[in-house]
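Subject: Structure for you to look over

Dear colleague,

I am handing over the structure we spoke about, with the sequence beside it. Please open it first, and then read the notes that follow.

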Amino acid sequence: MKLTTTGIAASPPRRSSSFRLLAAGCLLALAWTAVGGGTARAATTLRWKLKPGEVLHYTMTQNTTNAYKPKDRQEASTAMSQVLNLHWTVKSISADGVAEVAQAVDRVQIRIEGAAQPSAFEFDSDAKLPPPESPIAAQLVPMLKALVGAEFTFKLNGRGELSDIKVPEKLMESVRQANPGGGGSMFSDEGMKNLITQSGLTLSESALDPGKTWTQQSKLSLPMLGVMILDKTYTFQGPDEAEAGRVKIALDTKVAIQPAADATITMKIDSQGGKGVFSFDLERGRVVSSRVEDLLAMTLSVQGQEIGQTTKTVTEMKLSPEKTSK
């Protein structure tokens, strides 16, 4: 499940909640990590394969809808669509196979409807026209401009485990200026690193037969709530019948909340569903496409008021085959 779209809010949509939803979505898109490799036979060992100097270009498309329903009040909603073009540059490979990777966004396109705005907010970093003028634009545009070209660095081992994540200071400064209230730990330097880490895909240590599963748990601190726990189950499905030389991995995600002792907001999960599939190129050892659908319905209790919130997200990633190397 991508937490890009959880969009926890203590009240009906407003500019600050829209920013948090957008910022988390953009930064998690930067963090997208999906790993594969091996052979199409049974007992396949999946590993990421990178080469020094290699450049990989990905396109991420994400559509999110949020519906909010305070008790005895009219429902409100927001819809966000975004397209990010990003690339990885492999700086080096250590003797033990750990890759040092730099990742940057080349272009970002965003559209937000709702969020108590009289008209949709739209932004395209490649557009020649001046950016829109509105309160939400004043808040978001500087951060979006800083996002384009900002270089994140991290280390990635053969199983897809991430370490030594570094967030650009220029981007962090833009986030702080766009969200002067702080937004809790999510928008701190450590919060950004946690968002990146929890979005990764860690592969099984052992060789896999079709139908074999493995699990991964990740946690994310949520201001005023506690800790969100994601239990991910991956299933190796074997060869991808639609594409020779590829295999498929299915994803199922369950979510739980561990309340903080001093939580000012309580959250009850009413229903959830997180499903996804990844397609791996075996020879090159990397994901060439993925699709993840998440649905989370919850009830938030804030100062005696109950707010129902339902979030639905569809995220797709695709590798550009013509740009996989220099």
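To begin with two side chains that you can find easily, Trp88 is buried, and Phe154 is buried as well. Please keep in mind throughout that this is a predicted model, so that every value here is computed from predicted coordinates.

Trp88 and Phe154 form an aromatic pair with an edge-to-face arrangement, the centres being 5.8 Å apart and the planes standing at 75 degrees to each other. The two residues come from distant parts of the chain, since Trp88 belongs to strand 2 (residues 76–93) and Phe154 to strand 5 (residues 151–156), 66 residues apart. Both also belong to one aromatic cluster, whose other members are Trp48 and Tyr58.

A further aromatic pair, Trp214 with Tyr234, is stacked, with 5.5 Å from centre to centre and 20 degrees between the planes. Here too the pair links distant parts of the chain, with Trp214 in strand 7 (residues 213–222) and Tyr234 in strand 8 (residues 226–239), 20 residues apart. Trp214 counts as buried because its relative accessible area is 9%, under the 20% cut-off, and Tyr234 is likewise buried, because its relative accessibility is 2%. In total, the count of aromatic pairs comes to 4.

You may also want to look at the second largest pocket, which holds about 210 Å³ of space. Strand 11 (286–302) and strand 12 (305–319) are the elements that give two or more residues to its lining. The lining includes Val288 and Ser289, as well as Lys318 and Leu319, and among the other lining residues are Asp240, Glu243, Arg246 and Arg284. Sorted by character, the lining of this pocket has 5 charged, 4 nonpolar and 2 polar residues.

Finally, a word on confidence, where the mean pLDDT of the protein is 80 and 77% of the residues reach 70 or more. Over residues 1–22, however, the pLDDT is below 50, although the model gives this stretch 88 contacts beyond near neighbours in sequence. Residues 182–186 also stay under a pLDDT of 50, and for them the model has 12 contacts beyond four places in sequence. Where pLDDT is low, predicted coordinates should not be read in detail.

With best regards

Notes. Residues are numbered from 1 along each chain as its sequence is written. Side-chain values use heavy atoms; hydrogens and water are left out. On a 1 Å grid over the protein atoms alone, a cavity is a set of points where a 1.4 Å probe fits but cannot get out, and a pocket is an open set with protein on both sides within 12 Å along at least five of seven lines; lining residues have an atom within 4 Å of a point. Grid points are joined across faces, edges and corners, and a volume is the space filled by probe spheres set on the points. Helices (H or I, at least four residues) and strands (E, at least two) are DSSP runs, numbered from the N terminus. Ala, Val, Leu, Ile, Met, Phe, Trp, Tyr, Cys and Pro count as nonpolar, Asp, Glu, Lys and Arg as charged, and the others, Gly among them, as polar. pLDDT is the predictor's confidence in each residue, from 0 to 100. Contact means heavy atoms within 4.5 Å. Rings of Phe, Tyr and Trp (its six-membered ring) pair if their centres lie within 6.5 Å; planes under 30 degrees apart count as stacked, over 60 as edge-to-face and the rest as tilted. Buried means under 20% relative accessible area, exposed over 50%, partly exposed in between (1.4 Å probe, protein chains only).
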